[in-house]
Amino acid sequence: MLVLGIETSCDETGAAVVRSDGEVLSDVVHSQVKVHAPYGGVVPELASRDHLRNVVPVVREALSRAGVTLAEVDGLAVTCRPGLSGALLVGVQAAQGLAWAQGKPIVGVDHLVGHLLAVFLRFANTEQPAPPEFPFVALLASGGHTALYRADGPEVSRIHELGATRDDAAGEAFDKVAKLLGLGYPGGPIIDRLAKEGHAEAVDLPAPMRRKDSLEFSFSGLKTNVLRWVEKHGRPGDDQTLRDLCAAFQRRVVDSLVKKAVTAAQREGVRALVLAGGVAANRELRESARLASEAAGIRLVVPPFKACTDNAAMIAYAGAQRLLRGENDTGLLRMSPNTALPRLTRKGRGIRREA
Ligand code: KG4
Ligand code: ZN
């Protein structure tokens, strides 16, 4: 089955043509980073307008690179949740229009399910690990989400959250700390690069959510601690202190993510731990997760970077699994800013008492 996927939930306009077995025929991503960079974060209204300008050219490019026409695809898949409402609407309307014009089935895909299944994508000419078998535990850490999941299958009903962040997402913390240090946007790659030349022990920052039994995360306190440090010592210039501060912050984030991810995989008794989301590009996270998984006898599966960041190939693949089951959302597709995956962690609070 050949599926055209469309993704517009945040600041990337994506379209991809993917086979239901994961083979990626094309994967086109138009990034809006330049549009949002002056603001140090995503501006929702600017995102919608940019999606509107780019969604048709990006779809055309994806079809052309795959060497297929719209008439030749078997169905469409579009991100319908969670994300920025205005941004989601652009993709959903475009996909519905194309599906209707061609009389093709269309399914909505939860963006988080897309991230969790990205590990099954197969890119040409790209080195990648063999995909895991179900069940596995996945750490999804991006600019908008940070959570641990157990996946027993590709369906929403078989994916369960084990714990999530109570406040900021890990990528959001990188971006906010970079902003307060005057480093630019997105902050993750910049801090990653600076941290490489720093000494994490040189700056004392308290560890976030240290409780071993909890699989929840919290990063806003850590960000505030960096702010307090800057208020006390002044904002460092482009010097060793800046690198040490970045290294200390990154170490705290990575330690928290890795410890909890490995604990979750052990507790669930699964063989594989999967990394997903833009933060999975982090050099220290990859290395630290590799060492900790090895020590715990768990297989770590890290998809290629282009599968980790926002893309439409993962949406096409997740949608293909729904289409294969004969599901069709024609006439029923609704957009929502919230995920369909049941949430365990309440923002700013603790574990929900009952389901
Ligand atoms: O998955 P993604 O592309 O988009 C979202 O769905 O959010 O993730 C983007 C996030 C940004 O917050 C960015 O700062 C972070 O991933 N990121 C990194 C690195 N590369 C990207 N964080 C830490 N280290 C990196 N090397
Ligand atoms: Zn994402």
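Here is a chat between a trainee and a mentor about the predicted model shown above.

Trainee: Before we start, which ground rules apply to this model?

Mentor: Residues are numbered from 1 along each chain as its sequence is written, and chains are lettered from A and ligands numbered from 1 in the order in which they are written. Side-chain values use heavy atoms, with hydrogens and water left out, and since the model is predicted, local features need pLDDT of at least 70, side-chain atom pairs count only at pLDDT 80 or more, and totals for chains, interfaces and linings use all residues.

Trainee: Okay, which residues coordinate the zinc ion (ligand 2)?

Mentor: Look for donors, meaning N, O and S atoms within 2.8 Å of the metal (3.2 Å for Na, K and Ca); water is not among the atoms, so sites may look incomplete. Along the chain, the donors follow the spacing H-x3-H-x194-D. At 2.1 Å, the coordinating residues are His111 (NE2), His115 (NE2) and Asp310 (OD).

Trainee: What is the arrangement of the four donor atoms around that zinc ion (ligand 2)?

Mentor: Four donors count as tetrahedral if all angles lie between 85 and 135 degrees. Here the angles run from 89 to 134°, which makes the arrangement tetrahedral.

Trainee: How far apart along the helix are His111 and His115?

Mentor: Helices are DSSP runs (H or I, at least four residues) and strands are too (E, at least two), numbered from the N terminus. Both histidines sit in helix 4 (residues 111–117), and they are four residues apart, so the separation is about one helical turn.

Trainee: Is His115 buried or exposed?

Mentor: Buried means under 20% relative accessible area, exposed over 50%, and partly exposed in between (1.4 Å probe, protein chains only). His111 has 3% and is buried. His115 has 2%, so the word for His115 is buried.

Trainee: Which helix gives the largest share of the largest nonpolar core?

Mentor: A nonpolar core is a set of buried Ala, Val, Leu, Ile, Met, Phe, Trp, Tyr and Cys residues joined through side-chain atoms within 4.5 Å. The largest one has 50 residues, and Val137, Leu148, Phe249, Val253 and Leu257 have the most contacts inside it. Several elements each supply at least two of its residues, including strand 6 (136–141) and helix 5 (170–180). The largest share, 14 residues, comes from helix 8.

Trainee: Which elements are included in what covers the buried residues of helix 6?

Mentor: Seven of the nine residues of helix 6 are buried, so it is largely enclosed by the rest of the structure. Among those buried residues are Ile190, Ile191 and Leu194. The cover includes helix 5, helix 8 and helix 9.

Trainee: Which residues does Gly277 contact, leaving aside its neighbours within four places in sequence?

Mentor: Gly277 is in the loop between strand 9 and helix 9, and at 0% relative accessibility it counts as buried. Contact means heavy atoms within 4.5 Å. With those neighbours set aside, the partners of Gly277 are His115, Leu140, Ala141, Ser142 and Cys308.

Trainee: How many disulfides does a search of the whole structure find?

Mentor: A disulfide is a pair of cysteine sulfur atoms within 2.5 Å. Take Cys80: the nearest cysteine sulfur, that of Cys10, is 16 Å away. The search of the whole structure gives a count of zero.

Trainee: Last one: how far apart do the C-alpha centres of domain 1 and domain 2 lie?

Mentor: The bounds come from an automatic or database domain assignment, with domain 1 at 2–125 + 307–324 and domain 2 at 136–302. Their contact takes 19 residues from domain 1 and 18 residues from domain 2. The distance between the C-alpha centres is 27 Å.

Definitions and conventions:
Four donors count as tetrahedral if all angles lie between 85 and 135 degrees; four count as square planar and six as octahedral if opposite donors are over 155 degrees apart and all others between 65 and 115; anything else is irregular.
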